[in-house]
Each structure stands twice: as C-alpha cells, then as structure tokens.
Amino acid sequence: QVQLVESGGGLVQPGGPLRLSCVASGSIFSIYGMGWYRQAPGKQRELVAGITRGGRTNYADSVKGRFTISRDNAKNTVYLQMNSLKPEDTAVYYCNAEGLALGDYPFDSWGRGTQVTVSS
C-alpha cells in the first residue's frame, strides 16, 4: 500500500506564491509518474501538472509560466511551486503517483488533498 500526504496549502493573496509538497510512503519499489490535480467547487478534477521519473513535465495551459513542478526521487517527493496566484486557482489540490509497489504490484494512489485559497 502506498500513501501520499500533501502539505503547504493555505490562504494567499492574489499575485503571491505558495509551494505544495507531497510525500509518498509505503511499500514502494518505483514511482513512475507524479502529478498535481485540482478541483474547484462545482467543477471536475483537472490535471495541473505532471512529471515523469526522468523529469519530463507537462502543464495545464492555465498555469503555464506560473507553476513549476519538480520531484526528488530519493525522497519520493513531488513539489508544486505556484507563483502569481489568481483567485481562479482556488481549489483543493491533490497529489497523484503511479508506479510499482513491492511484489511488482502496480499502484495509482491519491492524497487526501490540500486547500489553496487565493483571496484578498
């Protein structure tokens, strides 16, 4: 079983920065893709940014140039640096990771989410 725990959410003023972290733990053999998703009230969950084990990244058009995803493979951790935040970035942010657990079992795990609120 693989668990993900997010941290770093909170209240920030428009234009401000915020950094999210997500640590994976448990019976991990290898983590392939990691990513951040978000879900605003009344909307579907959407991909914000993803990163492969080798560091290849992809971003939603709405966050390109403002958000940066990175990961530390040794620490099983993924980060999301969010700059120039806008009120429309307000959402619950979820971490996702997929890979192989010990025993060669594939996993696709989600964190419980962390609230990000952008408001003056």
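In the predicted model described here, the bridge partner of Glu6 in strand 3 is Cys22. This pair belongs to a wider arrangement, in which strand 1, spanning residues 2–7, and strand 3, spanning residues 18–26, pair in the antiparallel sense over six bridges. Glu6 lies on the covered face of strand 1 together with Val2 and Leu4, whereas Gln3, Val5 and Ser7 make up the uncovered face of that strand.

An alternation of side chains is also found along strand 11, which covers residues 114–118. Thr114, Val116 and Val118 point to one face of strand 11 and are buried, while Gln115 and Thr117 point to the other face and are not buried. Strand 11 is joined to strand 2, residues 10–12, by three bridges, and these two strands run parallel; within this pairing, Leu11 has Thr117 as its bridge partner in strand 11. Three bridges also join strand 11 to strand 9, but here the strands run antiparallel, and Val92 stands opposite Gln115 of strand 11.

Thr117 illustrates how a residue of strand 11 is placed with respect to its surroundings. With a relative accessible area of 25%, Thr117 is partly exposed, because the buried class is reserved for values under 20% and the exposed class for values over 50%. The side chain of Thr117 makes a polar contact with the side chain of Gln115, at 3.3 Å. When neighbours within four places in sequence are left aside, Thr117 is in contact with Gly10, Leu11, Val12 and Thr90. Between Thr117 and Val92 the separation is 25 residues in sequence, and their C-alpha atoms are 8.5 Å apart in space.

Strand 9 also contains Asn96, which counts as buried at 7% relative accessibility. Two polar approaches are found for the side chain of Asn96: a polar contact with the side chain of Asp108 at 2.8 Å, and a distance of 3.1 Å between one of its polar atoms and the backbone oxygen of Ser109. Asp108 and Ser109 also appear among the residues in contact with Asn96 once neighbours within four places in sequence are left aside, and the others in this group are Leu4, Gly33, Met34, Gly35, Tyr37 and Trp110. Leu4 in this group is a residue of the covered face of strand 1.

Another buried polar side chain is that of Arg38 in strand 4, a residue with a relative accessible area of 7%. The side chain of Arg38 makes a polar contact with the side chain of Glu46 at 2.7 Å, and a further one with the side chain of Ser62 at 3.3 Å. Beyond neighbours within four places in sequence, the residues in contact with Arg38 include Gln44, Arg45, Val48, Val63, Phe67 and Asp89, as well as Ala91, Val92 and Tyr93.

The largest pocket of the model has a volume of about 160 Å³. Its lining is formed by 13 residues, of which Gly33, Met34, Tyr37, Gly50 and Glu98 lie nearest the centre of the pocket; among these, Gly33, Met34 and Tyr37 are also in contact with Asn96. Strand 4 (28–39), strand 5 (46–51), strand 9 (91–101) and strand 10 (105–110) each supply at least two residues of the lining, and strand 4 gives the most, with four residues. By residue class, the lining of the largest pocket divides into four nonpolar, six polar and three charged residues.

Two loop residues stand out by their backbone geometry. Most residues other than glycine have a negative phi. Asn76, by contrast, has a positive phi, near 50°, and is placed in the loop between strand 7 (67–72) and strand 8 (77–82). Asp104 likewise has a positive phi, of about 65°, although it is not a glycine, and its place is in the loop between strand 9 and strand 10. The accessibility of each of these loop residues was also computed: Asn76 is partly exposed, with a relative accessible area of 22%, whereas Asp104 counts as exposed at 57% relative accessibility.

Technical notes:
Residues numbered from 1 in each chain as written. Predicted model: local features only at pLDDT ≥ 70, side-chain atom pairs only at ≥ 80, totals over all residues. Heavy atoms only, no water. Buried < 20%, exposed > 50% of the residue type's maximum accessible area, 1.4 Å probe, protein only. Pairing = 2+ DSSP bridges. Contact = heavy atoms within 4.5 Å. Polar contact = N/O pair within 3.5 Å; in protein donor to acceptor, adjacent residues only side chain to side chain. 1 Å grid on protein atoms, 1.4 Å probe; cavity = no way out; pocket = protein on both sides within 12 Å on 5 of 7 lines; lining within 4 Å. Points joined across faces, edges and corners; volume = space filled by probe spheres on them. Nonpolar A, V, L, I, M, F, W, Y, C, P; charged D, E, K, R; others polar.
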